[in-house]
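Hi everyone, thanks for coming. Could you all pull up the sequence and the structure, please? I'll talk you through what I've been looking at.

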Amino acid sequence: MDEDIDFTVTGMNMSKTFAARRLEIVNSSPSVQHLQERWPALLLEHQVCAEYQRITNQKLKTELYAALDSHTNSLLALA
């Protein structure tokens with residue numbers, strides 16, 4: 001399925017529609033099903049990361065890995 005997606009075009013379109021999408025989500029609190037139908041690209045890993053960066057100006061994977069690194073010793077102690 002992903003092989004049929006033009007990631008460049010999808011990314012540009014998602015960037016262009018960010019403001020409208022954010023307003024819709026904040027103002028109407030749509031269901032996850034509605035979001036899946038209205039904004040299917042939000043289900044793609046690369047768009048989840050891009051959306052996180054649009055909102056926070058931080059890279060999701062970098063933040064995640066840094067948080068995991070800071071808690072590694074505690075997580076290993078649980079094992």
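Let me start with a question: is Ala50 buried, partly exposed or exposed? Have a look before I tell you. Ala50 turns out to be partly exposed, because its relative accessible area is 22%, and the cut-off for buried is under 20%. You'll find Ala50 in helix α4. Its C-alpha atom is 8.9 Å from that of Met14, and those two residues are 36 apart along the chain.

One thing to keep in mind throughout: this is a predicted model.

Okay, let's zoom out. The protein chain has 5 helices and 0 strands, so if you read along the sequence you get α-α-α-α-α. The C-alpha trace spans about 45 × 30 × 25 Å along its principal axes. The radius of gyration is 16 Å, while a compact globule of 79 residues would have one near 12 Å. As for burial, 18% of the 79 residues count as buried. About 6200 Å² of the chain is exposed, and 59% of that comes from carbon and sulfur atoms. And here's a number on how the chain meets itself: take the contacts between residues at least 6 apart in sequence, and 43% of them join residues at least 24 apart.

Now back to helix α4, which is where I spent my time. It covers residues 45-56, so that's 12 residues. From its first C-alpha to its last it reaches 17 Å, close to the 16 Å expected. Right after α4 comes Asn57, which has a positive phi, near 60°.

Which residues of α4 are buried? They are Gln47, Cys49 and Glu51. The cover over them includes α1, α2 and α5.

Let's follow Gln47 over to α1. Thr10 sits in helix α1, and Thr10 is buried, with a relative accessible area of 17%. Thr10 and Gln47 are 37 residues apart in sequence, yet their C-alpha atoms are 8.5 Å apart in space. If you leave aside the neighbours within four places in sequence, Thr10 is in contact with Ile5, Ala41 and Gln47.

Next up, charges. Side chains of opposite charge can pair when their charged atoms come close. So how many salt bridges does a search of the whole structure find? It finds 4, and I'll show you some of them.

Take Glu51, from that buried list. Its side chain meets the side chain of Arg21 in a salt bridge, 2.8 Å from N to O. Glu51 lies in α4 and Arg21 in α2, so this pair ties together parts that are 30 residues apart in sequence. Are these two partners buried or exposed? Glu51 is buried, with a relative accessible area of 10%. Arg21 is buried too, with a relative accessible area of 0%.

Glu51 also forms a salt bridge with Arg54, where the closest N and O atoms are 2.5 Å apart. Why are Arg54 and Glu51 separated by about one helical turn? Because they are 3 residues apart in helix α4. Here's the background: an α-helix has 3.6 residues a turn, so residues three or four places apart point the same way. Arg54 is partly exposed, with a relative accessible area of 22%. Put those pairs together and you have Arg21, Glu51 and Arg54 linked in a network of salt bridges.

Here's another pair to find on your screens. The side chains of Lys61 and Glu45 meet in a salt bridge, 2.7 Å from N to O. Lys61 lies in α5 and Glu45 in α4, so the pair ties together parts 16 residues apart in sequence. What about exposure here? Lys61 counts as partly exposed at 39% relative accessibility, and Glu45 counts as exposed at 53%.

Since we've reached α5, let me finish there. This helix runs over residues 60-78, and Tyr65 is found in it. Tyr65 is partly exposed, with a relative accessible area of 48%. Which residues make a nonpolar surface patch of about 530 Å²? Tyr65 is one of them, and it's joined by Leu64, Leu68, Leu75 and Leu78.

That's my tour, so I'm happy to take questions.

Conventions
Residues are numbered from 1 along each chain as its sequence is written. This is a predicted model: local features need pLDDT of at least 70, side-chain atom pairs count only at pLDDT 80 or more; totals for chains, interfaces and linings use all residues. Side-chain values use heavy atoms; hydrogens and water are left out. Patches are made of residues with over 30% relative accessible area and no salt bridge: like charges are joined within 9 Å, nonpolar side chains (Val, Leu, Ile, Met, Phe, Trp, Tyr) within 5 Å. Accessible areas come from the Shrake-Rupley method with a 1.4 Å probe; for residues, only the protein chains shown count as cover. Helices (H or I, at least four residues) and strands (E, at least two) are DSSP runs, numbered from the N terminus. Buried means under 20% relative accessible area, exposed over 50%, partly exposed in between (1.4 Å probe, protein chains only). The radius of gyration is taken over C-alpha atoms; the globule rule is 2.2 Å times the number of residues to the power 0.38. Contact means heavy atoms within 4.5 Å. The expected span of a helix is 1.5 Å times one less than its number of residues.
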